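Some labels used for protein structures sound like opinions until they are set against a cut-off. The questions below ask for the value behind each label.

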Amino acid sequence: MILADLQDALTRAGRLLVRLEATRDRDRDALAVRTKTVAAAKGRLAQRDAIDTYLRELQQDANRRSVATFETLLTALVQEVLPGEKPVRLDLTTERGLPALDIGVERPDGGREDVLEDNGGAMTNVVGMALRLIAVVKAGVGRFLALDEADCWIAPDRVPAFYRVLDDGAARLGVQCLAISHHDIAGFDAGLTVSRIAGRPETGVAIDGPAASCAAAWTPEMPGFRFIRLIDVQGFAEATLPLAPGVNALVGPNNHGKSTVIRALRAVFYGEVRDSLVRAGAGAARVEIGVAGGRVLRYVRQPKRTPVNLWSLHEADGTLVQENGTTFETGGRDVPAWVERLCGITRVEDLDVHVAHQKFPVFLLGEKPARRSAVLSIGREAGLIRDMQALQRDRVTDDQRTVREGEREITRLREALAALDGLDESGRALHALGDETATLAEAAARLSAREALADRLARADRLATGAAARARVLADLPGPETGAELGRALAEARHREGVGRRVLAAATDLARAADRAAALADLPVAPAPRDTGQATAHAARLRRLARDLADAERRAAALHDLPTTLPQPVLRPDAVATARRLAEIGRHLAEARAREAASRDGLAAAEAEMAAVLAATGGRCPACGTPAAPATLLAGHRHARSGEAA
C-alpha cells in the first residue's frame, strides 16, 4: 500500500471513530435516562397497593360525608314542614363509572321507599324545594330561585312552615327567591316581602307591592334583582313587581297572571318564548329587570320584525351600556352569553334550576340517579377520587409498560456499549498510526528530494561525458591558417562566377539591339506631321526611340570584339579534390564550433546545478557526504567508502 492510500485509509478510520464515539456517548446518555425512568416506575409500582388502599378509603369517607350531610339537611326540612314524617335516606352508588344518587325515605322496619312514587305530594313539594336550593348553591351559578306553585300539594295549615323553611334556607345560603302562590296571605309570616295581583286581565293587571321598602333594602352594588317590570306582556299593560333580598312572594287568585311573571323570566333567561307573550293589540312585549348599579336588563319580543328578540343593558339614565368597546345589545333567537355572565342564570345539566315551570313542580326526583348526583354535585368529591383512581390505574399500566420496555432497551444499550468497550484503545492506536504516517510522509519527502538530486547529477554526468567526447573530436580539425586559404579560394571562385553572368547578360542585350536595328531599317520615311498635340507626342516618342537605337548600336560596337562563349577555366584534378576537401572541412568546422558552444553552455548549466545541490547539502557530496566543489564533482569525484576518512 502506498503512502497516499495509507493516509486515505487513516482518514476514513478517523471519521468512523468519531461516529462510533458519538454513538457511544448517545447510548450512554440514553442508558442513564432510561435507567432513571425505569427506577422511578419501579418505585411507583412498589407503592401501588398502598396508594390503591388509600384512595379506596378516601372515597368511602367522602361518600359517607356527602350523603350524611344531605340526609341530615333534607330530613330536617321535611320534619319542619311535615312533623312526624320518615327520615330521608340517600344512597350513593356508581353507574357506568359515574356517581349515582338514590333519594328515598326510611320506613320504621328499616326498608326504603321512593319519595316520588311511594309518598304523598307534600313530601314531594318539600324535598323538591330543598333540592332546588341545594342545586343553585352547589352548581356555582347565580343565586336566584323562582318557584311557581311549589307549595301546591301542601295543606294550608302547613304552608307557613314551608315558607319559614324556605326563608331560613334562603337567608343562610344567600339565595334570593320569588315564590308564586295561590294560598291566602294570612298563611305567610311577616318576614316575607309580599306583593299581590290586582285588577283583571281584560282591563289590565296591576301589582301592589312594597316598592319603597324594597328599594330601601338594597345598596347599589349588592347582587340581586331589584324589580321586574312588565310592559304589554299578556294581561299586563304596565306593572312592576318590587323585589327585596331574601324571599319575595306574589299572591293572588288563580288565572289572574301570577305565572306570567315566570313566563317572562323564562323568556329572558332561557329564550323560551312565543308571540303569545305579547299583549293583544300591542306591537311588542317588554320585560325590564333591575340589577346592581342602577342598571336595567331589558328584553323585547317584537313579532314579525328583525330581530324578533332583543336583549340590551341600560344605565340608570336609559343609555346603552358600553364597556371595552362593546355595546351590550344583542338580537337573535339564543340568549346572549353576556346575559348569562351578568345574571348567572343558566341551565344545569340541561335542567331549569333557577326558574321553575308551573306545570312541572317536581324537581329532580323523576330524573335518573346519575343526573341527580351531577346536578346536586353530590359525589363530586367522590367523582374526583374516582378520577384519581382511574389516573392511578393508567399510571400503573404506563409504569408496567415503562419497566417492560425499559429493561429491554437497557439490555440493548448495554450490549451496544459492550461492543464499543475497546473504542478508546482503538482511538489511541489510530492516533499513533497517524503520527507514524506523518513521520513516513516526511521521510518520503526527503527521499524524493534526494532522488531528484541524483537524477540531476546523472544528467550532469552525461553532459560532461558528451562534452569531453566532442572536445576529442574537435582536436583533429585543421588550424586557422588552412581555413583562411580556403576562404580566399572560395571568394575568388564566386567573383569569376559573377563576371561570367554579366558577360552572358551583355551578349544577350547586344543580340536584341541588332534585331531592333534590322527591323527599323526597312521602315518608310515618316510624312511631315501636322502641327498638333498628338503629333508632338509622337515626335517626342520617336526621338526617345532614336536615342535608344543609338545607344544599342554603341553597345553592339563595343561588344563586337567579345567572344561568343566564355572560356572554360582549366583546373587540375588535385586542385578540384583539394577544393572539395576544403568545402567539407569548412562544414565540419562550422558543426564543431556549434557543438563546442553548446558544450560550454551545458557545462555552465551543470556547474550551476551542482553549485545549487552543494548549497542545499551544505557543501557535501550528496552520495557520500564528504566536502566537495562543483568542478570536483564534474571532473570525477572519488567517493569515500565505509570506514574511510572523508
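Q: What stands opposite Ser-312 in strand 16?
A: Ser-312 stands opposite Glu-329 there. The model is a predicted one. Another facing pair is Leu-310 with Gly-331, its bridge partner in strand 16.

Q: What makes strand 13 and strand 16 a pair?
A: At least two bridges are needed for two strands to pair. Strand 13, residues 309–314, is joined to strand 16 by three bridges in the antiparallel sense, so the two count as a pair.

Q: How many bridges join strand 12 to strand 13?
A: Six bridges join them, and the two strands run antiparallel. In one of the facing positions, Leu-297 stands opposite Leu-313 of strand 13.

Q: Which strands stand at the edges of the sheet, each with a single partner strand?
A: The sheet is open and has six strands in the order 9-8-11-12-13-16, paired antiparallel. Strand 9 (236–242) and strand 16 (329–331) are at the edges; each has a single partner strand, so one side of each has no neighbour in the sheet. From one strand to the next the twist averages 10°.

Q: Why is strand 13 called largely enclosed?
A: Five of its six residues are buried, so the rest of the structure largely encloses strand 13.

Q: Where is Pro-307, and what is the peptide bond from Thr-306 to Pro-307, cis or trans?
A: Pro-307 is in the loop between strand 12 (296–301) and strand 13. The peptide bond leading to Pro-307 from Thr-306 is cis, with omega near 0°.

Q: Why is Leu-133 called buried?
A: Buried means a relative accessible area under 20%. The value for Leu-133 is 5%, so Leu-133 is buried. This residue lies in helix 4, residues 121–138.

Q: Which residues is Leu-133 in contact with, leaving aside its neighbours within four places in sequence?
A: Leu-133 is in contact with Leu-145, Leu-166, Leu-173 and Val-175. In addition, the C-alpha atoms of Leu-133 and Gly-169 are 7.7 Å apart in space, while the two residues are 36 residues apart in sequence.

Q: How do you know that helix 4 and helix 5 are roughly parallel?
A: Their axes cross at roughly 10° and come within 11 Å; helix 5 covers residues 159–173. Angles under 35 degrees count as roughly parallel, and helix 4 and helix 5 are therefore roughly parallel to each other. On the side of helix 4 the contact is made by Asn-125, Val-126, Met-129, Leu-133 and Val-137, and on the side of helix 5 by Phe-162, Val-165, Leu-166 and Leu-173. These residues divide into eight nonpolar, one polar and no charged.

Q: Glu-149 and Asp-350: which is buried and which is exposed?
A: The cut-offs are under 20% for buried and over 50% for exposed. Glu-149 has a relative accessible area of 8%, so Glu-149 is buried. Asp-350 has 61%, so Asp-350 is exposed. Glu-149 is in the loop between strand 4 (144–148) and helix 5. Asp-350 is in the loop between helix 8 (337–343) and helix 9 (369–376).

Q: What is phi in Glu-149 and in Asp-350?
A: Glu-149, although not a glycine, has a positive phi of about 55°. Asp-350 is likewise a residue other than glycine, and its phi is positive, near 65°.

Q: How do you know that the span of helix 7 agrees with its number of residues?
A: Helix 7, residues 258–270, has 13 residues, which at 1.5 Å a residue should span 18 Å. The C-alpha atoms at its ends are 19 Å apart, and this agrees. Just after helix 7, Gly-271 has a positive phi of about 70°.

Q: What makes helix 7 mostly covered?
A: Twelve of its 13 residues are buried. Among them are Val-261, Ile-262, Leu-265 and Phe-269, and also Lys-258 and Arg-266.

Q: How many helices and strands does the protein have, and what share of its residues count as buried?
A: The protein has 15 helices and 16 strands. Of its 646 residues, 33% count as buried.

Technical notes
Residues are numbered from 1 along each chain as its sequence is written. This is a predicted model: local features need pLDDT of at least 70, side-chain atom pairs count only at pLDDT 80 or more; totals for chains, interfaces and linings use all residues. Side-chain values use heavy atoms; hydrogens and water are left out. Helices (H or I, at least four residues) and strands (E, at least two) are DSSP runs, numbered from the N terminus. The expected span of a helix is 1.5 Å times one less than its number of residues. Buried means under 20% relative accessible area, exposed over 50%, partly exposed in between (1.4 Å probe, protein chains only). Axes are lines fitted to C-alpha atoms, for helices over the stretch in contact, and angles run from 0 to 180 degrees between N-to-C directions. Contact means heavy atoms within 4.5 Å. Angles under 35 degrees count as roughly parallel, over 145 as roughly antiparallel, 65 to 115 as roughly perpendicular and the rest as oblique. Ala, Val, Leu, Ile, Met, Phe, Trp, Tyr, Cys and Pro count as nonpolar, Asp, Glu, Lys and Arg as charged, and the others, Gly among them, as polar.
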